[in-house]
Structures are given as structure tokens and as C-alpha cells.
Amino acid sequence: MTTRLEVIVGPMFSGKTELLIAKLHRAQYARKRIRIVKPAHDTRTQGFIASRAVNPDGTTEVTDTLSAVMVRNQKDFARVVGACDFDVLAVDEAQFFPLDEPLRDTLGWFGRAIRTLLRERRATGLRIIVAGLDMDFAEQPFGPVPGLLAMADAVEKLTGVCMVCGSDSGYISQRLVADEQQLVVGDAGEYQVRCRRCYEPPGVCAAAEGAARAKG
Ligand SMILES: [Zn+2]
């Protein structure tokens, strides 16, 4: 019996939370005590994790929920996990936990806390499941998620349906609003799942259009 870290990544609307919730329901059937944590930065849902479906008109609908403890910072997280009264720890939207400024490592306080838990409770069979975006809108590794992927025992990388061409290889959340900040909490109105071919990286399109205009 040892600890285990499972990481679920993929773009928005790829079913990460749905998969996380399915795993947690199975753990509940097995009578495991579960604890769910979510960064307080996610202002869309407070106090629970929710899987959502996108309707044909672009609106989203909540399909399943489980209650979660909202965590603002390292102190909150330490308080939640300090109780040791759980067999499964689930964390959703982990990309919102920040890295250090100035940059110290690729884990940040959250990734380091997970590493410590895995070490300290290595003989207990603790299972940690982390879900989150692996990349931001500009194809930059997002927060502590890439560091956690490196440490994981198992990784599930999901794809979504590209909202431009309909292929099943949607791998990034295209930002539809102009904002250069990494953290813009949004929904179907602000983001769209795109495949590599349909993805428009920030800056590239404007440059390509400029070149085309200069030529023409
Ligand atoms: Zn596409």
C-alpha cells in the first residue's frame, strides 16, 4: 500500500471534472472517505465542483456536483489536509494555485504541499487526484499542473471537441476576449475549445494579417 498521485488534464469542456466526479463516486461506493478541494479563485462555482455540458446555443449546464472546500492559500490548504480524515483527496482547477514570485520551482506552494503529503503518508494508501488545465490560452504551461504531471503515477490527458471544425482533437482553450493576463476566469462566452489547426495564438494572427496586407 502506497500513496498515489493521479493527474487529469485537458482544455476546458474536455470532461476533466466529469471524470474526477466519476472516480469520486466509485471511491464513495468503496466506502472511502473523500475530501474535495478547490481554489477560491474560481468564482464560477463556490463550495462545490461541477461537471458542465455545453448546449448548442453556447450556454452551459451543470450536470453533476459534489461539495468542495474552497481554499484561498497555503494556510487554508494545510488546515484542510492536516485533519488526515480522508482516504482520497481530490483537487479541481489546480491551475489557479499560483507559482512563487520570483519563480522558485515548477510546483509552487501547492505542488510542494502535494509532494510532502505523498512523502509523509506514503504508507497509508492515500490517493490524490488532481484535475486542471495543463496550458493557458497562450500555450504556456499553467501554474503547478505541469510540475504535478511530472510527479504523477498516472496521467489522463483529455481532448475536447474543436468548436471550429468539430474534430475530437480539441486541446487548448482559445480565449475569445482580448486580455493578456493568464488568469481570466471565464466560461463558454470567453473561451472556446480548439484543435491545433484551428487555434489562433495571441499575436500570430495579427502578424500574419499584417504580412498579407503588406503583400496585397
Ligand atoms: Zn479544429
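The following legends describe close-up views of a predicted model.

**View 1. The open sheet of six strands.** In this predicted model, six strands are arranged in the order 5-2-6-7-1-8 as an open sheet, and their pairing is parallel. Strand 5 (69-71) and strand 8 (154-157) form the edges, each being paired on one side only. On average, neighbouring strands of the sheet are turned by 20° against each other, direction ignored.

**View 2. Strand 1 between strand 7 and strand 8.** Strand 1 pairs in the parallel sense with strand 7 over six bridges, and with strand 8, also in the parallel sense, over four bridges. V9 illustrates both pairings: it stands opposite G132 in strand 7 and opposite K157 in strand 8. Strand 1 is mostly covered, with five of its six residues buried.

**View 3. The pairing of strand 6 with strand 7.** Strand 6 (residues 88-91) and strand 7 (residues 127-132) run parallel and are joined by four bridges. Within this pair of strands, L89 stands opposite I128 of strand 7. L89 is also listed among the residues with the most contacts inside the largest nonpolar core.

**View 4. Helix 1 across the sheet.** Helix 1 (residues 16-29) lies across five strands, namely strand 1 (4-9), strand 2 (34-39), strand 6, strand 7 and strand 8. Relative to strand 7, the helix runs at about 160°. Helix 1 supplies at least two residues of the largest nonpolar core.

**View 5. Helix 3 and its buried face.** Helix 3 (residues 108-120) has 13 residues, which at 1.5 Å a residue should span 18 Å; the end C-alpha atoms are 18 Å apart, so the expected and computed values agree. G108, F110, G111 and I114 are the buried residues of this helix. Seen down the helix axis, these buried residues fall within an arc of 130° and therefore line one face of helix 3. An α-helix has 3.6 residues a turn, so residues three or four places apart point the same way. The cover over the buried residues of helix 3 includes strand 1, helix 2 (74-82), strand 7 and helix 4 (145-151). On the other side of helix 3, T116 and R119 are exposed.

**View 6. The largest nonpolar core and a separate one.** The largest nonpolar core comprises 31 residues, and those with the most contacts inside it are L89, A94, I129 and V130. At least two residues of this core are supplied by each of strand 1, helix 1, strand 2, helix 2, strand 6, helix 3, strand 7 and helix 4. Leaving aside residues up to four places away in sequence, A94 touches F110, V130, A131, G132, G143, P144, V145 and L148. Another core, of nine residues, lies apart from the largest one; F13, I172, Y191 and V193 are among its members.

**View 7. The surroundings of T2.** T2 is located in the segment before strand 1. This residue counts as exposed because it has 12 C-beta neighbours inside 10 Å, the criterion for an exposed residue being 12 or fewer. When residues up to four places away in sequence are not counted, T2 touches R122, A123 and G125. T17 follows 15 residues apart from T2 along the chain, and the C-alpha atoms of the two residues are separated by 25 Å.

Definitions and conventions
Residues numbered from 1 in each chain as written. Predicted model: local features only at pLDDT ≥ 70, side-chain atom pairs only at ≥ 80, totals over all residues. Pairing = 2+ DSSP bridges. Axes fitted to C-alpha atoms, helices over the stretch in contact; angles between N-to-C directions. Contact = placed C-beta atoms within 7 Å. Buried ≥ 20, exposed ≤ 12 C-beta atoms within 10 Å, placed from the backbone. Expected span 1.5 Å × (residues − 1). Arc of directions from axis to C-beta. Core = buried A, V, L, I, M, F, W, Y, C linked by C-beta atoms within 7 Å.
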